[in-house]
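Q: Could you walk me through this model with me asking short questions as we go?

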Amino acid sequence: MEDVVPGLYEKIRNEFYHDVNNDKEIQEALSENTKASFSDVSLLSRRIGKYASKALIHYYNEKTLPDGKLYWNILERTMIPIMKEVYELVYRMAFNVQICMDKEQNIGIKPVKAPFPEERIKSIMNKLMAVQEEYMNGKG
């Protein structure tokens, strides 16, 4: 049986980055000399999350999935990597805002990076699998 995940993930990633790269506000916040605030980062992080959701939903369907079903290994090998991409972009925006604010105050401390919340992502994945199971069993 052919492994559909690499091609599927590439499509998801391409759609996600197409949206992110075409969003001027996100690109501004990702620049090293950003004028964005933490409030902007919060709003833009939601937008980045919506782009990821849109890409995932677009490719999690009966036409793109084996047997028309979302299997755990497919979910794990597509959702976790795209959520890591989201995490890195949001971190980069927050890092740039913090560095710019610190420069204005003559503070030279490098921001600390929080660990990727993989357990939270897996919790969401478990819920998706449960919803799919209910749907497949005619309860949804």
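The chat below goes through confidence, helices and a few single residues.

Q: What should I know before reading it?
A: This is a predicted model, in which local features need pLDDT of at least 70 and side-chain atom pairs count only at pLDDT 80 or more, while totals for chains, interfaces and linings use all residues. Residues are numbered from 1 along each chain as its sequence is written, and side-chain values use heavy atoms, with hydrogens and water left out.

Q: What does the pLDDT average for the protein chain?
A: The average is 93, and 98% of the residues score at least 70; pLDDT is the predictor's confidence in each residue, from 0 to 100.

Q: And which elements have the lowest and highest mean pLDDT?
A: Helix 5 has the lowest mean, 91, and helix 1 (residues 5-21) the highest, 97. Helices here are DSSP runs (H or I, at least four residues), numbered from the N terminus, as are strands (E, at least two).

Q: Let's stay with helix 5, then: which of its residues are buried?
A: Ile121, Met125, Met129 and Gln132 are buried in helix 5, where buried means under 20% relative accessible area, exposed over 50% and partly exposed in between (1.4 Å probe, protein chains only). Seen down the axis of helix 5, its buried residues fall within an arc of 80°, so they line one face of the helix; the arc is that of the directions from the helix axis to the C-beta atoms.

Q: What do those buried residues pack against?
A: They pack against helix 4 (72-104), with contact meaning heavy atoms within 4.5 Å. On the other side of helix 5, Glu119, Arg120, Lys127 and Val131 are exposed.

Q: How far apart are the end C-alpha atoms of helix 5?
A: They are 27 Å apart, which agrees with the 27 Å that the 19 residues of helix 5 (residues 118-136) should span at 1.5 Å a residue; the expected span is 1.5 Å times one less than the number of residues.

Q: What about helix 4 on that score?
A: Its 33 residues should span 48 Å, and the end C-alpha atoms of helix 4 are 47 Å apart, which agrees.

Q: Where is lysine 84, and what does it touch?
A: Lysine 84 is in helix 4, and it touches Phe116 and Glu118 when residues up to four places away in sequence are not counted. Lysine 84 counts as partly exposed because its relative accessibility is 38%.

Q: Is lysine 103 buried or exposed?
A: Lysine 103, also placed in helix 4, counts as exposed, at 57% relative accessibility.

Q: Switching to loops, which residue with positive phi follows helix 4?
A: That is asparagine 106, with phi near 60°, a positive value in a residue other than glycine. Asparagine 106 lies in the loop between helix 4 and helix 5 and is exposed, with a relative accessible area of 72%.

Q: Where does aspartate 67 lie, and what is its phi near?
A: Aspartate 67 lies in the loop between helix 3 and helix 4, and its phi is likewise positive, near 60°. At 65% relative accessibility, aspartate 67 counts as exposed.

Q: Last one: how do the axes of helix 1 and helix 3 cross?
A: The axes of helix 1 and helix 3 (residues 38-59) come within 9 Å and cross at roughly 145°, the axes being lines fitted to C-alpha atoms, for helices over the stretch in contact, and angles running from 0 to 180 degrees between N-to-C directions. Residues of helix 1 including Leu8, Ile12 and Phe16 take part in the contact, and those of helix 3 include Ile48, Tyr51 and Leu56.
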